[in-house]
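I opened the model to look up how its strands pair and what packs against them. My notes follow.

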Amino acid sequence: MSLKGGGGLQRKSKASDQIPSSSLADIAFLLLIFFMVTTVFRTESDRPIEWPEAEATQQIDETRDNIMYVWIERNGDIWINDRLVPLDAVSELVAPRWVESGRRLRISLRADAEAPYRYVDAVQKQIQQAGAIYVVFATDLERRMMRERR
Amino acid sequence: MAILKKQSKVSDEIPSASMADIAFLLLIFFLVTTVFPKDRGLPIVLPEEQEEVEISQRNILHISINPDGTVGVRRGDSQNESFHRPHQIQQVWRTEVAQNPNLIAGVRTHPDAAHRYMIQVLDGLQMANAERISLQMGEG
């Protein structure tokens, strides 16, 4: 060790003490492109429901255009496309979409966990009346731990 | 000639100093507006209208869901009904289907029973790989 220069106290490191910022724009653009590609602008807003949970929950294997959302609230109110619809109107709304999709339409039935089954059954009958057959009961994925506590 | 040598002081490059700012602005916009779709659930296929199939009582397992969440299970050809919690249905179905591979689950839910109980039973059946499930509403 050299004693010159005050025993090393004044020695300067050659490494820069700044975070390198030249690649910052690249990182930002990378993230930007990721979000641009994955973004789907929402077409309708969610209703405030309590989601039922199920362990066998699976992803709907269909494009977004071929999924129709039917919300059933706890008091039996039915919402489609941000509009409160009477029960009898459900089949009239489903039928054209079913034909349009080339018999591929999936109905995502988003019923409140506490909604009495009579409402769910009535909507199911309306869907059947419209000719559609693919229904998905929307659920949240349930963890096994929580199931055991129940 | 003097005119040809004259150089403009204005730079001929597009200024790139603010590029990162623009990128970050757009990035924040997309971060805020992004909603990842939540298209998940338990799929079932409803029977088409006027499609009724006669099934031997021997091949039906009647599962009735009561408003309090108890689930009664009865074989089609027997009078004995046993009661279970919704999350036990998976096990019940596995033991029953081991005895009769042609079994069909006839789920009958009381009109006042919460949708949640029906989902729990359907979940159990789907976890046990039951493929033939019929959903009906019971009498209130």
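I looked up Trp79(A) in this predicted model and found its bridge partner in strand 5 of chain A to be Leu84(A). Strand 4 of chain A covers residues 78–80, and I find three bridges from there to strand 5 of chain A, with the two strands antiparallel.

Next I followed the pairing outwards. The open sheet has seven strands, in the order 2(A)-1(B)-7(A)-6(A)-3(A)-4(A)-5(A), and its pairing is mixed. I noted strand 2 (58–59) and strand 5 (83–85) of chain A as the edge strands, each paired on one side only.

I then asked which helices pack on the sheet. Helix 3 of chain A, residues 117–129, touches strand 3 (67–72), strand 4, strand 6 (106–111) and strand 7 (134–138) of chain A. I get about 150 degrees between the direction of helix 3 of chain A and that of strand 3 of chain A. Helix 4 of chain B, residues 115–127, touches strand 6 and strand 7 of chain A and also strand 1 (40–45) of chain B. Its direction makes about 75 degrees with that of strand 1 of chain B.

I turned to chain B as a whole. I list four helices and six strands there, running α-α-β-β-β-β-α-β-α-β from the N terminus. Chain B is more spread out than a compact globule, because its radius of gyration is 32 Å, well over the 14 Å that the globule rule gives for 140 residues. Its C-alpha atoms fill a box of roughly 110 × 30 × 30 Å along the principal axes. I find 25% of the 140 residues in chain B buried.

Key: Residues are numbered from 1 along each chain as its sequence is written. Chains are lettered from A and ligands numbered from 1 in the order in which they are written. This is a predicted model: local features need pLDDT of at least 70, side-chain atom pairs count only at pLDDT 80 or more; totals for chains, interfaces and linings use all residues. Two strands pair if DSSP finds at least two bridges between them. Two residues are in contact if their C-beta atoms, placed from the backbone, lie within 7 Å. Axes are lines fitted to C-alpha atoms, for helices over the stretch in contact, and angles run from 0 to 180 degrees between N-to-C directions. The radius of gyration is taken over C-alpha atoms; the globule rule is 2.2 Å times the number of residues to the power 0.38. A residue is buried if 20 or more other C-beta atoms lie within 10 Å of its own, exposed if 12 or fewer, and partly exposed in between; C-beta atoms are placed from the backbone.
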